[in-house]
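Dear colleague,

I am handing over the structure shown below, together with a summary of what was found in it. Please read the summary with the structure open beside it.

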Amino acid sequence: MEVLSKGNKGKTIIILTGLGCSFDEWYIITKTLSKTSRVVIVHRPGLGESEIGSDVRNTGAVVKELLDLISVLEITEPIVLVGHSYGGLCVQHFAKSYPKMVAGMVLVDSTSVDLHELDELDLPILDETDSDEVWLEKCKSYSSMKQEQLRILLNPTLSEKQKSFPKEIRQRLLDFQIRPSLYKAMYLEISNWKQDAEIIKSLETTLNVPLIVLGRDVEFCIKLGLQGGLPEEELRILEEKWKELISRQGNLSSNSKIVFAKNSSHSTHMDRPDIIIHSISEVLN
């Protein structure tokens, strides 16, 4: 498994990225936090240089891999766990399974254990491009292609912020998007995430660790959707439900705080790295 470790002092922070997301997207955050903490961020099997293997890809597998990683790195103190999107679902599974190993958590616009409720919304236009079924079909197709085919089809680009990253990281970000194994991993993770959610809900663990739940900006996301030609009524239904699901995540711990990051899309780590750095620092302290 490809692991990036920065810093060698202070508490250990382990970051789990979102579905199909490179850990290099977190460059600004890991660079800043590593000045005072040990920061570990991983590519799950199929992502980056991590081999996909033949094992089941679900949140339970990630929990086991995280246990192995903690052992290999000889981490003996409780860790601060940070999870974005699908990585947040994995963090919830780990924390409820091994609460004594967790010193604190930051969930970044995390996938909810009640994600099935999104399927119950009446969103005919949005579902044409963003349902699980559409994503599964797309991932299945991409996973069977060669890298050069994906390069031509996807024409990967960098955001304005990413263009300021070191050259090596810029190239890794571009290469990351054209690996067929990425889409095989995404296909498997999406296929299992609703079943994973039910398993996590069944773990009746009461946490009492510092938890900050970060959610995206509803109006900002609606504005982005409108710019893409999507209907406002459906966007508002989706964003209000997502906000509700994010808010419920505060119930994971008796010591929680919920923050909605202004001017942030689902990619909060790229839009507002400052608020993630602040939230992790607050949990550390």
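Helices here are DSSP runs of type H or I with at least four residues, numbered from the N terminus. Please note that this is a predicted model.

**Salt bridges**

The structure holds 22 salt bridges. Three of them are described individually here.

Within helix 9, E198 and K201 lie 3 residues apart, which is about one turn of the helix. An α-helix has 3.6 residues a turn, so residues three or four places apart point the same way. The two side chains form a salt bridge, and the closest N and O atoms are 3.9 Å apart. E198 counts as partly exposed, at 42% relative accessibility. K201 also counts as partly exposed, at 35% relative accessibility.

A second salt bridge connects R236 with E219, at 3.0 Å from N to O. This pair links distant parts of the chain, since R236 belongs to helix 11 and E219 to helix 10 (residues 218-227), 17 residues apart. R236 counts as partly exposed, at 29% relative accessibility, and E219 is likewise partly exposed, at 44%. Beyond single pairs, salt bridges that share partners join D114, E117, E198, K201, K241, E244 and R248 into one network. The E198 and K201 of helix 9 are therefore members of that network.

The third salt bridge is between D132 and K194, whose closest N and O atoms are 2.3 Å apart. D132 lies in helix 6 (residues 132-143) and K194 in helix 9 (residues 180-202), so this pair ties together parts that are 62 residues apart in sequence. Are the two partners buried or partly exposed? D132 counts as buried, because its relative accessibility is 16% and the limit for buried is under 20%. K194, with a relative accessible area of 27%, is partly exposed.

**Helix 8 and its two sides**

Helix 8 spans residues 167-176, and I169, L173 and F176 are buried in it. Seen down the helix axis, these buried residues fall within an arc of 65 degrees, so they line one face of helix 8. On the other side of helix 8, K167 and E168 are exposed.

**A negative surface patch**

Which residues form the negative surface patch? The patch is made of D122, D127, E128, D130, E133 and E233. Helix 5 (residues 127-130) supplies the largest share of the patch, with 3 residues. E233, by contrast, is found in helix 11 (residues 232-248). With a relative accessible area of 63%, E233 is exposed. Helix 11 thus appears twice in this message, because E233 lies in it and R236, at 29% relative accessibility and partly exposed, lies in it too.

**Helix 3 and the loop before it**

L89 lies in helix 3 (residues 86-97). Its relative accessible area is 0%, and L89 is accordingly buried. The C-alpha atoms of L89 and Q249 are separated by 10 Å, although the two residues are 160 apart along the chain.

S85 sits in the loop between strand 4 (79-84) and helix 3. S85 has a positive phi of about 55 degrees although it is not a glycine. At 10% relative accessibility, S85 counts as buried.

**Two further loops**

N263 is another residue other than glycine with a positive phi, its value being near 55 degrees. N263 is found in the loop between strand 7 (256-260) and helix 12 (268-271).

P45 belongs to the loop between strand 3 (38-42) and helix 2 (59-72). P45 is buried, with a relative accessible area of 10%. P45 and D55 are 10 residues apart in sequence, and their C-alpha atoms are 9.3 Å apart in space.

With kind regards

Terms used:
Residues are numbered from 1 along each chain as its sequence is written. This is a predicted model: local features need pLDDT of at least 70, side-chain atom pairs count only at pLDDT 80 or more; totals for chains, interfaces and linings use all residues. Side-chain values use heavy atoms; hydrogens and water are left out. Patches are made of residues with over 30% relative accessible area and no salt bridge: like charges are joined within 9 Å, nonpolar side chains (Val, Leu, Ile, Met, Phe, Trp, Tyr) within 5 Å. Accessible areas come from the Shrake-Rupley method with a 1.4 Å probe; for residues, only the protein chains shown count as cover. A salt bridge is a side-chain nitrogen of Lys or Arg within 4 Å of a carboxyl oxygen of Asp or Glu. Lys and Arg count as positive and Asp and Glu as negative; His and the chain ends are not counted. The place of a charge is taken as NZ of Lys, CZ of Arg, CG of Asp or CD of Glu. Buried means under 20% relative accessible area, exposed over 50%, partly exposed in between (1.4 Å probe, protein chains only). The arc is that of the directions from the helix axis to the C-beta atoms.
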